[in-house]
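Grab a pencil and work through these exercises with the structure open beside you. Try each task yourself before you read its solution.

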Amino acid sequence: MKKACILLIALFFGVAINGFSQTSAKTDFFVGKWEITIFGTPNGDSKMITELIRKEGKLMGELKDATDSTKPAIPITSIEEKEGEIEIAFSTSGYDVTLPLKKEDNDNLKGQLMGMFDAKAKRIK
């Protein structure tokens, strides 16, 4: 009888430990490579590539011209995060601009640059 109780207790703890170890880690949705397209700018549609990384708890990265690799990368000055959305801030042509993007699905974001130009971002796999 004593052996049966010890066996049942060991089995119970084994199942409990296995159950707790199955919880998955939270994925970091915005981390990764994205192609951002801004539509209707004075210079036409603009495509940029960014790879967002998390360093010391903060998202960071830079924007690169998708059509001309010789152009220097534009540093992202800050990224603010909320549930399902981010706001990317950077400077271009002497102007500080922000690009808020909201999650549409697992691979797409949508927003507007400075409230004037539609923007979409697509995850690069």
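Let's warm up with the fold as a whole. Among contacts in the protein (heavy atoms within 4.5 Å) between residues at least 6 apart in sequence, 29% join residues at least 24 apart. Before you go on, note that this is a predicted model, where local features need pLDDT of at least 70 and side-chain atom pairs count only at pLDDT 80 or more, while totals for chains, interfaces and linings use all residues. Residues are numbered from 1 along each chain as its sequence is written, and side-chain values use heavy atoms, with hydrogens and water left out.

**Exercise 1. List the elements of the protein in order, and find how much of the protein is buried.**

Step 1: Helices (H or I, at least four residues) and strands (E, at least two) are DSSP runs, numbered from the N terminus. The protein has 1 helix and 9 strands.

Step 2: Read from the N terminus, and you get α-β-β-β-β-β-β-β-β-β.

Step 3: Buried means under 20% relative accessible area, exposed over 50%, and partly exposed in between (1.4 Å probe, protein chains only). Of the 125 residues, 24% count as buried.

**Exercise 2. Work out how strand 1 pairs with strand 2 and strand 9.**

Step 1: Two strands pair if DSSP finds at least two bridges between them. Strand 1 and strand 2 run antiparallel over 8 bridges, and Ile-38 sits opposite Ser-46 in strand 2.

Step 2: Look at the link: 2 residues lie between strand 1 and strand 2, and the two strands form a hairpin.

Step 3: Now try strand 9. Strand 1 pairs with strand 9 in the antiparallel sense too, over 5 bridges, with Glu-35 matched to Lys-122.

**Exercise 3. Is Thr-50 buried or exposed, and what does Thr-50 touch?**

Step 1: Find Thr-50 in strand 2, which covers residues 44–55.

Step 2: Thr-50 counts as buried because its relative accessibility is 1%.

Step 3: Leaving out residues up to four places away in sequence, its contacts include Trp-34, Ile-36 and Ile-76.

Step 4: Glu-62 is also on that contact list. The backbone oxygen of Glu-62 is 2.9 Å from a polar atom of the Thr-50 side chain.

**Exercise 4. Describe the surroundings of Gly-61.**

Step 1: Gly-61 belongs to the loop between strand 3 (58–60) and strand 4 (62–65).

Step 2: With a relative accessible area of 22%, Gly-61 is partly exposed.

Step 3: Skipping residues up to four places away in sequence, Gly-61 touches Glu-51, Pro-75 and Ile-76.

Step 4: Check a distance: Gly-61 and Ile-79 are 18 residues apart in sequence, yet 9.0 Å apart in space, C-alpha to C-alpha.

**Exercise 5. Which residues form the aromatic cluster, and which charges lie over the face of Phe-29?**

Step 1: Rings of Phe, Tyr and Trp (its six-membered ring) pair if their centres lie within 6.5 Å; planes under 30 degrees apart are stacked, over 60 edge-to-face, and the rest tilted. A search of the whole structure turns up 2 aromatic pairs. One of them is Phe-29 with Phe-30, edge-to-face at 4.9 Å centre to centre and 80° between the planes.

Step 2: Phe-29, Phe-30 and Trp-34 make up one cluster.

Step 3: Phe-29 is buried at 17% relative accessibility, and Phe-30 is buried at 5%.

Step 4: A charge sits over a ring if NZ of Lys or CZ of Arg is within 6 Å of the ring centre and within 35 degrees of the ring normal. Lys-103 lies over the face of Phe-29 at 4.4 Å from the ring centre, and Arg-123 does so at 4.9 Å.

Conventions
A polar contact is a pair of N or O atoms within 3.5 Å; within protein, one must be able to donate a hydrogen and the other to accept it, and residues adjacent in sequence count only if both atoms are side-chain atoms.
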